[in-house]
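Good morning, and thank you for the time. May I ask you to turn to the structure on the screen.

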Amino acid sequence: MRDAFAAARNIAGALRAVAHDARSGRLEAGVGKSVEKIQMICVAFLESIRECVNEAFQRVASAEQLTKRVETAKRALRTLGVPMDVYEEKARKERQCVADAEEASIRSAAAYPEDLSLVVERLRREEERFEFHRSIYSDAHRVVGTLGKYSEENFSYGSTPFSSFLSAWRCPQVAEILNALPRNENNRAAVFGSSSGWLVYYLAYGFRFHSLGWEILPSLVDAAKSVATWRPELPRITFTAGDMLDAPLDETFALVALTSQCWDKDLTKAVHLKLSASLRPHALVLDYSSQLSDNHPQSFKCVAFKNVPVSWHPQQKLYWMQRMK
Ligand SMILES: C[S@@+](CC[C@H](N)C(=O)[O-])C[C@H]1O[C@@H](n2cnc3c(N)ncnc32)[C@H](O)[C@@H]1O
């Protein structure tokens with residue numbers, strides 16, 4: 001299954017790149033006439049491959065069936081004149097470029113480069129594993145069934161490279177505030193929806209914040225804990241398996257990172273109310289959407305944003321918002 005899953009992940013990256021090029025009019029001249037059709041076909045194949053992967057998670061589909069689905073997608077697009085080999089290679093190269101940029105930025109900017117580099121390498125290895133994604137799938141399925149208030153999409157997996165996080169961190173409107181904050185227990189950082197720990201490690205090993213992550217899926221929390229280097233001189237890191245709506249947010253939090261891009265609307269609203277009620281004046285919030293300041297203009301203002309590549313999009317906006325008095 002490992003190879004079939006790796007091929008499915010790679011073709012998904014290629015299909016997203018084809019759809020993106022079709023949308024932005026950058027597809028090769030020869031296929032220009034059918035770009036809309038190509039875009040629709042990419043979306044349909046992405047969905048069909050995703051379904052087959054989910055069936056494989058449930059042991060309903062086999063590796064052969066997944067491989068067949070991937071091959072069908074490639075053949076159909078090749079018939080329409082899309083150079084799929086070029087796009088697959090492009091998807092592979094882009095991942096390599098991101099990995100190189102990430103490693104370079106860790107070396108040049110992280111407070112604890114050895115530790116962060118090791119953690120990132122371990123997390124990247126985790127996210128290639130079929131079993132890792134199967135555990136996320138079954139955890140999410142269980143949480144959806146037992147709590148009855150969340151959708152499956154609320155638990156989508158994605159990751160943000162350190163290089164992207166760093167370029168948001170360097171926004172001039174916030175860099176000075178962030179750098180001036182003393183690193184101690186009265187200026188902690190929290191990540192809501194901390195997944196396998198990426199942003200928590202960036203904040204701690206990258207920028208020396210005592211950091212806490214809340215994540216509702218236990219397998220992701222286990223993965224996050226398993227990659228730590230836990231040296232005594234490192235900033236304190238805590239991972240809690242639970243609903244972030246139950247997280248105690250007090251005046252010791254100077255910074256909260258939200259990962260709201262896939263959250264259900266009601267959850268996002270509830271998190272915003274929680275932040276409005278509890279965050280201290282001048283505290284910063286980082287999110288993949290500006291809804292917090294859009295919907296609570298009396299409490300939060302948007303102070304900066306940056307377009308950065310993430311695993312699900314080549315140009316995702318990261319917003320900085322600040323709590324007003
Ligand atoms: C898109 S992922 C975060 C990935 C992150 N954007 C990154 O790039 O590293 C959003 C996370 O929020 C988690 N989540 C959703 N609802 C939650 C809740 N009520 N409490 C805690 N975590 C939750 C999901 O399980 C998922 O891991």
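I shall speak about the sheet and then about the nonpolar core.

The model is predicted: local features need pLDDT of at least 70, side-chain atom pairs count only at pLDDT 80 or more, and totals for chains, interfaces and linings use all residues. Residues are numbered from 1 along each chain as its sequence is written.

Let us begin with the sheet. Seven strands (DSSP runs of E, at least two residues, numbered from the N terminus) form an open, mixed sheet in the order S3-S2-S1-S4-S5-S7-S6. Two strands count as paired if DSSP finds at least two bridges between them. Strands S3 (237–241) and S6 (300–310) stand at the edges with a single partner each, so one side of each has no neighbour in the sheet. On average, neighbouring strands are turned by 15° against each other, direction ignored; the axes here are lines fitted to C-alpha atoms.

Within the sheet, S1 (residues 188–192) and S2 (residues 211–215) run parallel and are joined by four bridges. Ala190 has Leu212 in S2 as its bridge partner.

I turn now to the core, a set of buried Ala, Val, Leu, Ile, Met, Phe, Trp, Tyr and Cys residues joined through C-beta atoms within 7 Å. Buried means that 20 or more other C-beta atoms, placed from the backbone, lie within 10 Å of a residue's own. The largest such core has 93 residues, and Val18, Leu116, Val200, Val256 and Val285 have the most contacts inside it. Domain 1 (2–82) and domain 2 (113–323), with bounds from an automatic or database domain assignment, both contribute residues, so the core lies between them.

Notes: Axes are lines fitted to C-alpha atoms, for helices over the stretch in contact, and angles run from 0 to 180 degrees between N-to-C directions. A residue is buried if 20 or more other C-beta atoms lie within 10 Å of its own, exposed if 12 or fewer, and partly exposed in between; C-beta atoms are placed from the backbone.
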